[in-house]
Amino acid sequence: MMHALPSPETIVRTMLPNGLTILVRENHASPVAVLQGSLRVGAVQESPVQAGLAAFVAGMLTRGSAQFDYDAFNAAVENIGASLTVAADTHSTDFGITSLAEDFDDLLKVLADLLQRPTFPPEHIERLRQIKLVGILEREQDTASVAARRFHETLFGREHPYGRALDGYQETVSALTRQDLVDFHARNFSPQGAVLAIAGAVEAQHVVDTIAAHFGDWRTAVNAPPAIAQARRAAGEHVHVSMPGKVQSDIVIGAYGVRRADPEFYNVRVANCILGQFGMMGRLGERVREEQGLAYYSYSAVVAEQEDGVWFASAGVNPDDVDAAVDSILAEFERLGSESVDAEELADSQAYLTGIVPLTLETNEGVASTLLNMEWYGLGLDYLQRYPSLINSVTAADVQRVAARFLRPAACVVVTAGPDMMGAEEDVAHRG
Amino acid sequence: MPLDNLIQTTLDNGLQVILRPSQRAPVASFWIFYRVGSRNETPGHTGISHWVEHMLFKGTERYPRGEFDKAVARAGGVFNGMTGPDWTVYFETLPAERIELALQVESDRMAHASFAPEETESERTVILSEREGSENSYFYRLHEEVQAAAYHVHSYRNPIIGWPADLLALTREELYAHYRTYYTANNAVAVVTGDFAPDVMLTQIARYFGDLPSGPPPPPVRIQEPPMHAERRVVLRGDDPTAYYLHAFQAPPALHPDFFPFVVLDSVLGGAKGMGLFGGGANNRSNRLYRALVERELTVDVNSSFGPTIDPGLFTISATLAPDIEHRQVEAAIWQEIATVQREGVAPAELARAIKQTRAQFAYSSESVTYEAFWLGFSQVVASLDWLATWDEQLQAVTPADVQRMAQTYLTPDRQTVGYYVPTLADDASPVVRDLSRDLSTVATPAHKEIA
């Protein structure tokens with residue numbers, strides 16, 4: 001029983017009348033309780049001129065609420081060695097609690113207060129603004145961050161929520177006012193569609209009752225988040241961001257991917273594992289790191305959300321090796337789409353993706369975030385029972401098809417960030 | 001952390017074995033520590049331990065390159081290798097029923113790594129690339145400079161990854177000799193945690209590791225850092241616009257009686273830490289340095305760092321400066337906080353908080369067999385299992401007067417190395433340099449006065 005995967009039989013699921021869903025999985029193996037949760041508010045609800053607003057609001061929540069001002073919050077969390085964090089993402093505002101089980105109820109009370117009743121103290125707004133502006137300055141000196149940012153901007157544009165930096169830009173963060181923060185919270189923070197997932201040494205009914213007591217009266221109704229437009233503006237751009245003084249260049253290469261709900265999602269997940277994850281970073285690691293010795297890291301990743309996300313490869317290489325690494329990565333994209341993967345290589349990745357599940361569920365944090373994903377994406381409480389067949393039913397033809405469809409080299413955007421090399425091309429060029 | 005359920009044994013070839021079975025989750029973790037790291041390296045050979053660690057992923061006769069990674073991944077496992085100042089370590093965490101695979105691969109590469117010449121060369125550029133990735137950050141460069149300045153002779157002065165010239169010069173033969181010298185059963189500690197039957201595990205360990213050879217004891221590290229009599233200062237200039245600050249003091253090693261009082265001092269000044277490599281408090285705003293620096297808007301962050309080492313290590317304070325703030329303002333504010341502890345000690349509530357925070361961190365760490373195994377092996381290598389088992393007790397025994405004495409003894413101007421990263425703004429380079437020369441002559445004065 002203790003080792004059984006979370007399932008409809010072992011997960012307690014309740015929805016409060018205000019639309020907030022609670023999932024609890026008891027685990028009494030260690031005296032720890034973890035909560036992972038999300039509200040349906042994120043960067044999608046900010047306008048392009050307010051880029052960074054959702055993240056700013058999230059950052060302010062732990063800096064003062066009606067019952068817990070800044071010092072009281074710090075004391076409530078830190079005196080007991082707990083953590084309580086809040087951060088915004090594109091579609092969500094995510095929060096987490098880790099504490100000894102004996103302290104968990106107290107932290108639920110803190111969480112309820114800061115989500116519903118933040119006070120946005122002016123002095124902390126300016127302090128956080130300064131922290132964020134320095135963070136943005138640092139981000140712009142980091143080749144990996146710059147390459148990733150330009151990649152997303154090229155594919156989606158800054159007008160699109162998937163194209164903007166979550167933390168915003170110097171000019172947008174400088175311009176945000178306290179009223180912007182207050183309004184954003186009032187318009188968008190709501191229990192509707194929210195999910196709180198808890199795992200640990202707690203009694204499920206007690207947790208549900210405690211959450212109901214602290215969150216049940218939260219009745220703010222808000223408009224549904226705006227729909228995300230599908231973007232198809234980029235194909236084949238080659239962007240170089242000049243960063244003199246750096247000794248390593250970063251490369252991001254990729255294209256539009258799939259929605260999380262797309263039937264192709266699991267095909268893409270398996271194909272990506274083969275391409276840039278399995279063992280030591282899959283085929284990309286084998287070729288670029290192991291065979292060519294060009295990079296310490298060379299891997300691929302998939303971001304799949306409400307609308308088409310991205311599928312990309314990333315590598316950090318010596319500036320002299322940028323062209324060789326780009327060629328190798330594109331050649332691996334091409335190969336995955338033009339040659340059928342052999343049965344053993346496919347089976348290996350399927351064995352990894354399904355076999356790793358017990359490891360991801362070892363800690364309460366792993367269980368809580370799995371429960372949260374199951375609810376957030378509507379995967380169902382039997383998702384972990386269905387997951388092996390979702391992965392194992394992917395065929396070699398599926399892998400080849402999604403690679404050919406999404407990673408066509410001519411459609412890929414190539415972004416490099418680092419020092420200029422002799423004969424570097426124009427800042428933005430279309431490859432022939 | 002009470003170490004119940006602990007089984008310790010030593011094989012005839014000298015391999016130390018630590019088992020801690022538990023049934024919390026259907027997973028198990030196998031770690032093998034070698035008592036070698038940058039601490040054991042000699043000038044001209046820096047980075048050799050880390051490079052050897054990389055070579056152990058480049059194949060054996062039984063598992064040619066790539067086969068080991070695939071075997072573990074295929075089994076639904078994760079693996080990695082890490083090199084520290086005092087240790088090199090490899091681990092696999094696997095679904096419990098597959099843990100034997102870890103014993104197979106680790107016993108194989110303890111003795112049979114190939115070090116093929118072409119693989120050695122290809123790894124040279126991978127490691128240079130790893131280094132260049134770090135060098136992109138001026139904070140990394142400042143850290144490297146301060147660390148090198150904080151020691152005259154001890155090998156803790158060298159970056160674990162090695163100096164570039166050494167990375168260009170090291171040969172396959174030197175790497176292989178290093179491997180043969182330190183990768184012996186009698187220089188290793190094996191740890192298994194998680195869901196397994198101890199008697200079966202002991203039999204398997206004996207089968208896979210029992211026949212591996214022991215070797216002559218590795219050369220002892222004889223070099224000792226002389227006592228520090230003069231403060232050291234490092235000024236790094238560069239193009240990135242964000243200014244960084246790094247302040248280092250020589251601190252007590254793990255087995256010194258001052259270690260635990262110093263843990264409390266670190267926690268009072270810079271906040272409680274996670275248990276070393278993993279975890280750490282995400283909320284860390286009620287410590288003294290955060291209040292003195294971030295809340296006064298001198299910096300946008302501040303971190304202190306102190307961990308267990310075999311020889312005396314460093315206690316560091318690092319910060320990212322707020323715009324238009326000068327380094328010496330940050331330095332003065334830090335000295336003010338240090339002086340307060342030196343003068344007034346700490347409050348009992350701060351001690352109690354440090355202890356509660358540490359207990360909570362142990363509880364979080366113990367959720368994962370991977371973290372648990374790391375802590376057991378790490379403790380055995382840098383100190384002892386007793387040291388780990390009595391952590392809580394030793395922390396409880398610390399008094400406010402002990403903490404005050406730590407600040408008075410260790411945090412003195414003559415024991416400090418101070419590093420500034422100063423952006424040389426293209427349009428305004430000269431004033432920055434001029435300010436600095438003034439800083440150098442005046443900055444330590446207030447601190448001396450506070451202490452006297």
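This report covers the domains, the chain contact, one helix and the nonpolar cores of a predicted two-chain model.

Residues are numbered from 1 along each chain as its sequence is written, and chains are lettered from A and ligands numbered from 1 in the order in which they are written. Because the model is predicted, local features need pLDDT of at least 70 and side-chain atom pairs count only at pLDDT 80 or more, while totals for chains, interfaces and linings use all residues.

**Domains**

Domain bounds come from an automatic or database domain assignment. Two residues are in contact if their C-beta atoms, placed from the backbone, lie within 7 Å. Helices (H or I, at least four residues) and strands (E, at least two) are DSSP runs, numbered from the N terminus.

| Chain | Domain 1 | Domain 2 | Distance between C-alpha centres |
|---|---|---|---|
| Chain A | residues 6-215 | residues 237-431 | 28 Å |
| Chain B | residues 7-209 | residues 232-451 | 29 Å |

In chain A, 33 residues of domain 1 are in contact with 36 residues of domain 2. On the domain 1 side, strand E2 (21-26), strand E3 (32-39), helix H5 (143-156) and strand E6 (195-200) of chain A give two or more residues. H5(A) has the largest share there, with nine residues. By class, this side of domain 1 of chain A has 18 nonpolar, 12 polar and three charged residues. Ala, Val, Leu, Ile, Met, Phe, Trp, Tyr, Cys and Pro count as nonpolar, Asp, Glu, Lys and Arg as charged, and the others, Gly among them, as polar.

In chain B, 32 residues of domain 1 are in contact with 28 residues of domain 2. Strand E2 (16-21), strand E3 (27-34), E5, helix H5 (138-150) and strand E6 (188-194) of chain B each supply at least two residues of the domain 1 side. The largest share, nine residues, comes from H5(B). The residues on this side of domain 1 of chain B divide into 19 nonpolar, seven polar and six charged.

**Contact between the chains**

Chain A and chain B each put 53 residues into their contact. On the chain B side, H2, strand E5 (88-95), helix H4 (117-135) and helix H12 (348-365) give two or more residues. H4(B) supplies the largest share of that side, nine residues. The chain B side comprises 18 nonpolar, 18 polar and 17 charged residues.

One helix pair spans the two chains. The axes of helix H10 (residues 278-291) of chain A and helix H2 (residues 67-74) of chain B come within 8 Å and cross at roughly 120 degrees. That makes H10(A) oblique to H2(B). Axes are lines fitted to C-alpha atoms, for helices over the stretch in contact, and angles run from 0 to 180 degrees between N-to-C directions. Angles under 35 degrees count as roughly parallel, over 145 as roughly antiparallel, 65 to 115 as roughly perpendicular and the rest as oblique. Phe278(A), Gly279(A) and Met280(A) make the contact from H10(A), with Asp69(B), Lys70(B) and Ala73(B) from H2(B). The pair's contact has three nonpolar, one polar and two charged residues.

**Helix H2 of chain B**

A residue is buried if 20 or more other C-beta atoms lie within 10 Å of its own, exposed if 12 or fewer, and partly exposed in between, with C-beta atoms placed from the backbone. Six of the eight residues of H2(B) are buried, so H2(B) is largely enclosed by the rest of the structure. The buried residues are Phe68(B), Asp69(B), Lys70(B), Val72(B), Ala73(B) and Arg74(B). Their cover includes H10 and helix H12 (343-355) of chain A, together with strand E4 (78-83), E5 and helix H3 (100-112) of chain B. Gly76(B) follows H2(B) and has a positive phi, near 80 degrees.

**Nonpolar cores**

A nonpolar core is a set of buried Ala, Val, Leu, Ile, Met, Phe, Trp, Tyr and Cys residues joined through C-beta atoms within 7 Å. Of the 134 residues in the largest core, Ala325(A) and Val399(A) touch the most other members. Helix H13 (369-382) of chain B gives the most to this core, with nine residues. Leaving aside neighbours within four places in sequence, Ala325(A) is in contact with Ile251(A), Val288(A), Leu294(A), Ala295(A), Ala315(A) and Val317(A). A second, separate core of 125 residues includes Ala51(A), Met60(A), Ala165(A) and Val294(B).

**Ile205 of chain B**

Ile205(B) is found in helix H8 (residues 198-209) of chain B. Ile205(B) is buried, with 20 other C-beta atoms within 10 Å. Not counting residues up to four places away in sequence, Ile205(B) touches Val17(B), Leu103(B) and Ala190(B). Ile205(B) and Val17(B) are 188 residues apart along the chain, with their C-alpha atoms separated by 8.5 Å.
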